[in-house]
Amino acid sequence: MKVGITCYPTYGGSGIVATELGMELANRGHHVHFITYANPIRLDPDIPRVYYHEVEVSNYPLFQYPPYCLALASRMAEVAESYDLDLLHVHYAIPHSISAMLAQQMLAATRRLPFITTLHGTDITLVGTDASYFPITKFSIEKSDGISSISEYLRKQTVEVFGVANEIRVIHNFVNCDLYHPDEAKTGAAAYAPAGERLLIHLSNFRPVKRVLDCVRILAEVRKSVPAHLLMVGDGPERPPAAHLARELKVDRHVTFLGKQNHVERLIPLAHVLLMPSELESFGLVALEAMACGVVPVATRVGGVPELITDGEDGFLEAVGDISAQAARVVALLTDDALHYRMRKAGRWNASERFCSEKIIPRYEKYYQDVLKVG
Ligand code: GMT
């Protein structure tokens, strides 16, 4: 098939899922055209059958806000026509879904161009519910030829909030278990924990919803009984406050801020525990990546996370903001080798049996076929 993929290329889990999906599809013989405003960060340019089409948005002085949505629609239509695309697959409803709908209408006289919208979370739970975007988000969902959501939680939320009647197919996020795998020796960990401290890791875009400061508080609590070091991967608005809090709690020497990293599959396996104290996650992709790497997640019981993590089996789930409960789970994992071994094995098993690429990608392929058949 020839598929056009649009996502936010440089920011957030939806862009990562879209990029990984594109690469997996290309490896399975499909032709994948990324139509985005920048090269997706995790995109491997060496993969055959992957193409990149940049969306350029001219900023005429008259425009207070450059009309990206329109530039994207034009580029989608152009690429679809030139490369004879079978369908468009957009990730994150706003504004990608509307652009896809416009591209579809632009080409309607000459060809059918169906589009699938994958909902990722904040496009429904946050941005989509904002009064200025609600009607257009609902409209774009109703006009999509196929809709998928990355968890059952998000499917229910979408039906509840938008009252849409269309089928929403749940296709959970996935992980490449060959690329994301455990590193039992953890030799690279010494660079961050020279005295053999246990490594905790947090990865996110450091937005308030991730409760990044909780990671620092958990570390300070854990360090009262176990020598531990925290790796903070990513960047965003909560990074300076997190660094400030680390100084205030006198744990700044035990926290390393690494900024944005391209090869997280090399960093995650170095850690023992992943901290994901989020206020909300529709899925929690990073927890899946950690489980595939044999790193046990200590997370919050929110959104779609319980669809991924079974509390007490392959990770721990605690209440949002309950620092002492989350810290106690971390301490248990760092001091009880048998517990850590059992849970990391269970996590790897869960990741590879339920969420590996080989299991999930065919579900997208099937959805593409179903949507193409309807026409
Ligand atoms: O919250 C983020 O990191 C960004 C956001 C996005 O849409 O890019 O992530 C959402 O999509 C991820 C990939 O499907 C999910 O793993 C996250 O749980 C989800 N975030 C929220 O629901 C807050």
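Begin with the shell of residues around the ligand in this predicted model, and select helix α1, which gives the most to that shell, with three residues. Next, widen the selection to the 19 residues around the ligand, among which Ser14, His120, Arg207, Glu281 and Ser282 come nearest. If you colour this shell by class, you will find six nonpolar, 10 polar and three charged residues.

Now show the side chains of two serines: an N or O atom in the side chain of Ser14 is 2.8 Å from an oxygen atom of the ligand, and for Ser282 the distance from a side-chain N or O atom to an oxygen atom of the ligand is 2.8 Å. Then turn to the backbone of Leu285, where a polar atom is 3.0 Å from an oxygen atom of the ligand. On its own the ligand has 490 Å² of accessible area, and the protein covers 95% of this. If you display the pockets, you will see that the ligand sits in the largest one.

From there, move on to the cavities, where a search of the whole structure finds one of 30 Å³ or more, and the space in this largest cavity is about 80 Å³. Select Ile16, Val17, Glu20, Arg42, Phe174, Val175, Asn176, Tyr180, Leu285 and Glu289 to see the residues that line the largest cavity, which divide into six nonpolar, one polar and three charged.

Which helices each supply at least two residues of this lining? Select α1 (13-27) and α10 (285-292), which both do so, and finish on α1, which gives the most to the lining of the largest cavity, with three residues.

Note on methods: Residues are numbered from 1 along each chain as its sequence is written. This is a predicted model: local features need pLDDT of at least 70, side-chain atom pairs count only at pLDDT 80 or more; totals for chains, interfaces and linings use all residues. Side-chain values use heavy atoms; hydrogens and water are left out. On a 1 Å grid over the protein atoms alone, a cavity is a set of points where a 1.4 Å probe fits but cannot get out, and a pocket is an open set with protein on both sides within 12 Å along at least five of seven lines; lining residues have an atom within 4 Å of a point. Grid points are joined across faces, edges and corners, and a volume is the space filled by probe spheres set on the points. Helices (H or I, at least four residues) and strands (E, at least two) are DSSP runs, numbered from the N terminus. Ala, Val, Leu, Ile, Met, Phe, Trp, Tyr, Cys and Pro count as nonpolar, Asp, Glu, Lys and Arg as charged, and the others, Gly among them, as polar. A residue is near a molecule or strand if one of its heavy atoms lies within 4 Å of it. A polar contact is a pair of N or O atoms within 3.5 Å; within protein, one must be able to donate a hydrogen and the other to accept it, and residues adjacent in sequence count only if both atoms are side-chain atoms. Accessible areas come from the Shrake-Rupley method with a 1.4 Å probe; for residues, only the protein chains shown count as cover. A molecule sits in a cavity or pocket if more than half of its atoms lie within 2 Å of its grid points.
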